[in-house]
Amino acid sequence: MKAKTYKDLSPSPRTIMTPGPVEVDPRVLRAMSFPILGQFDPEFTALMNETMGMLRELFMTDNEWAFPVDGTSRSGIEAVLVGLIEPGDKVLVPVYGRFGHLLTEIAKRCGAEVVTLEKEWGYVFELAELEDAIRQHRPKLVAMVHGETSTGRMQPLEGVGQVCREVDALLVVDAVATIGGIELATDRLLIDAVIGGTQKCLSVPAGMAPITYNKRAEAKLQARKKIERGLLLADGEDDPLLRPIQSNYLDLSQLQDYWSPARLNHHTEATSMLYALREGLRLVLEEGLEARFARHREHEAALVAGLEAMGLRQYGDPSCKMTVVTCIEIPAGIDGESVRAMLLDHFGIEIASSFGPLKGKIWRIGTMGYSCSKRNVLLTLGALEAALLRHGHRLEAGRGLQAAMDSYKI
Ligand SMILES: *Cc1c(COP(=O)(O)O)cnc(C)c1O
């Protein structure tokens with residue numbers, strides 16, 4: 001029998017303007033092609049330690065623990081929640097979009113008694129609403145999203161950490177979409193654990209989830225570990241509420257031992273992904289956090305100026321818009337999916353639709369990491385204008401790009 005042959009891999013060039021995954025800097029792609037080192041090779045463990053230091057800078061923290069979990073961002077969220085939630089714990093999740101529901105879902109699987117606080121999509125919570133709910137419910141843990149990519153909104157976190165300390169709750173934040181693009185000062189905001197993402201503003205492929213957590217979070221982990229070893233319980237006693245961590249792969253206490261100087265073997269570290277993350281972090285730190293946040297704001301301003309000049313309306317409360325995601329209403333009578341297909345098939349440009357109640361109602365344009373550039377913004381505006389005209393939408397040709405060029409002072 002003749003062996004079946006397969007074509008060479010040759011992905012089409014794309015301009016990716018979605019809220020992830022986004023384009024990856026060629027330096028990161030090159031780093032991924034370097035030779036493999038053994039996971040206990042001192043040269044590799046030195047790279048692991050160096051990456052931990054870089055992650056501390058990214059998360060703006062002095063925490064001892066900052067390392068990546070192998071898996072997509074969701075693995076980081078799950079590792080943190082499954083480690084910090086004991087069955088029966090009360091957990092408060094303020095939900096203002098799809099990813100709040102993900103936190104709820106994972107917390108329930110951890111056996112938590114979950115209390116949700118819901119906000120209409122397109123808006124975020126006032127500090128007072130969060131304070132009241134935290135004081136009323138006195139949860140063991142509060143889990144919330146920093147930047148909701150589903151709605152393009154960002155929840156201000158000033159003051160939330162203080163109330164959590166008041167009731168002795170841990171504060172866990174999903175900063176998957178914001179880390180490296182919008183400031184998140186972990187220590188200043190008194191956040192106990194943060195999960196970041198690679199494939200969004202860090203512009204590294206999906207496959208790792210950088211996390212950090214402080215001593216308060218670690219204390220909870222360590223206590224559970226002692227229970228697991230039977231150290232806290234008298235002979236034969238079994239506390240029904242305190243149980244060992246319900247995961248092996250995502251057992252944060254074991255992951256911590258693996259990233260500690262003891263290097264207790266857990267999984268095999270994803271060598272090439274670590275190279276990628278390290279190079280991605282090197283790019284971020286070379287650019288400088290402040291300069292990087294400013295770059296994201298600059299391109300967002302040009303994109304928004306262009307879209308508005310085309311007569312397109314933004315979705316959601318403008319006062320809490322994420323700089324790295326811009327949501328626009330699909331004009332009446334226009335088939336949003338047909339426009340997206342035209343952009344992808346004929347211009348090689350990808351923008352995103354949305355989920356649940358917003359499906360078919362809005363487009364989401366990401367300006368994240370390496371994808372966040374003048375070239376990409378201008379190309380996207382030009383292509384979107386052409387596709388809209390082709391779909392019979394009436395707009396004044398040329399105005400969008402001119403407005404963006406004004407914004408760039410071209
Ligand atoms: C993208 C995203 C996630 C999920 O990340 P994966 O890498 O797909 O697992 C979680 N939270 C937020 C806010 C996101 O934007």
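Mentor: Let's fix one term before we look around this predicted model. A residue is near a molecule if one of its heavy atoms lies within 4 Å of it.

Trainee: Okay, so which residues surround the ligand most closely?

Mentor: The shell around the ligand has 13 residues, and the closest are Thr72, Thr149, Asp174, Gln199 and Lys200. Helix H3, residues 73-84, gives the largest share of that shell, with three residues.

Trainee: What is the make-up of the shell by class?

Mentor: Five residues are nonpolar, five are polar and three are charged.

Trainee: What makes the pair between Thr149 and the ligand a polar contact?

Mentor: The cut-off for a pair of N or O atoms is 3.5 Å. A polar side-chain atom of Thr149 lies 2.5 Å from an oxygen atom of the ligand, so the pair qualifies. Lys200 passes too, because an N or O atom in its side chain is 2.6 Å from a ligand oxygen. With Arg74, the partner is a polar backbone atom, 2.9 Å from an oxygen atom of the ligand. As for cover, the ligand has 390 Å² of accessible area on its own, and the protein covers 90% of it.

Trainee: Let's zoom out. How many helices and strands does the protein have?

Mentor: There are 13 helices and 13 strands.

Trainee: And how do you know how compact the protein is for its length?

Mentor: Set the radius of gyration against the globule rule. The protein comes out at 23 Å, close to the 22 Å that the rule gives for 410 residues, so it is as compact as a globular protein of that length. Along the principal axes, its C-alpha atoms fill a box of roughly 80 × 60 × 50 Å. Buried residues account for 56% of the 410.

Trainee: What share of contacts joins residues at least 24 apart in sequence?

Mentor: That share is 72%, taken among contacts between residues at least 6 apart.

Trainee: Now the backbone. What makes Met60 and Ser203 stand out?

Mentor: Most residues other than glycine have a negative phi. Met60 has a phi near 55°, and Ser203 has one near 60°; both values are positive. Met60 lies in the loop between helix H2 (42-59) and strand S2 (65-70), while Ser203 is in the loop between strand S9 (193-195) and strand S10 (208-213).

Trainee: Why is Met60 called partly exposed, and is Ser203 buried or exposed?

Mentor: Buried means under 20% relative accessible area and exposed means over 50%. Met60 has 28%, which falls in between, so it counts as partly exposed. Ser203 has 3%, under 20%, and is therefore buried.

Trainee: What kind of peptide bond joins Gly20 to Pro21?

Mentor: That one is cis, with omega near -5°. Most peptide bonds are trans. Pro21 sits in the loop between strand S1 (15-16) and helix H1 (26-31).

Trainee: How do you know whether Asn63 is buried or exposed?

Mentor: Check it against the 20% cut-off: Asn63 has 8% relative accessibility, so it counts as buried. Asn63 is in the loop between H2 and S2.

Trainee: And what does Asn63 reach with its side chain?

Mentor: The side chain of Asn63 reaches the backbone oxygen of Tyr213 at 3.3 Å. That is within 3.5 Å, so the distance fits a polar contact. Leaving aside neighbours within four places in sequence, Asn63 has contacts that include Arg56, Thr186, Asp187 and Asn214.

Note on methods
Residues are numbered from 1 along each chain as its sequence is written. This is a predicted model: local features need pLDDT of at least 70, side-chain atom pairs count only at pLDDT 80 or more; totals for chains, interfaces and linings use all residues. Side-chain values use heavy atoms; hydrogens and water are left out. A polar contact is a pair of N or O atoms within 3.5 Å; within protein, one must be able to donate a hydrogen and the other to accept it, and residues adjacent in sequence count only if both atoms are side-chain atoms. Accessible areas come from the Shrake-Rupley method with a 1.4 Å probe; for residues, only the protein chains shown count as cover. Helices (H or I, at least four residues) and strands (E, at least two) are DSSP runs, numbered from the N terminus. Ala, Val, Leu, Ile, Met, Phe, Trp, Tyr, Cys and Pro count as nonpolar, Asp, Glu, Lys and Arg as charged, and the others, Gly among them, as polar. The radius of gyration is taken over C-alpha atoms; the globule rule is 2.2 Å times the number of residues to the power 0.38. Buried means under 20% relative accessible area, exposed over 50%, partly exposed in between (1.4 Å probe, protein chains only). Contact means heavy atoms within 4.5 Å.
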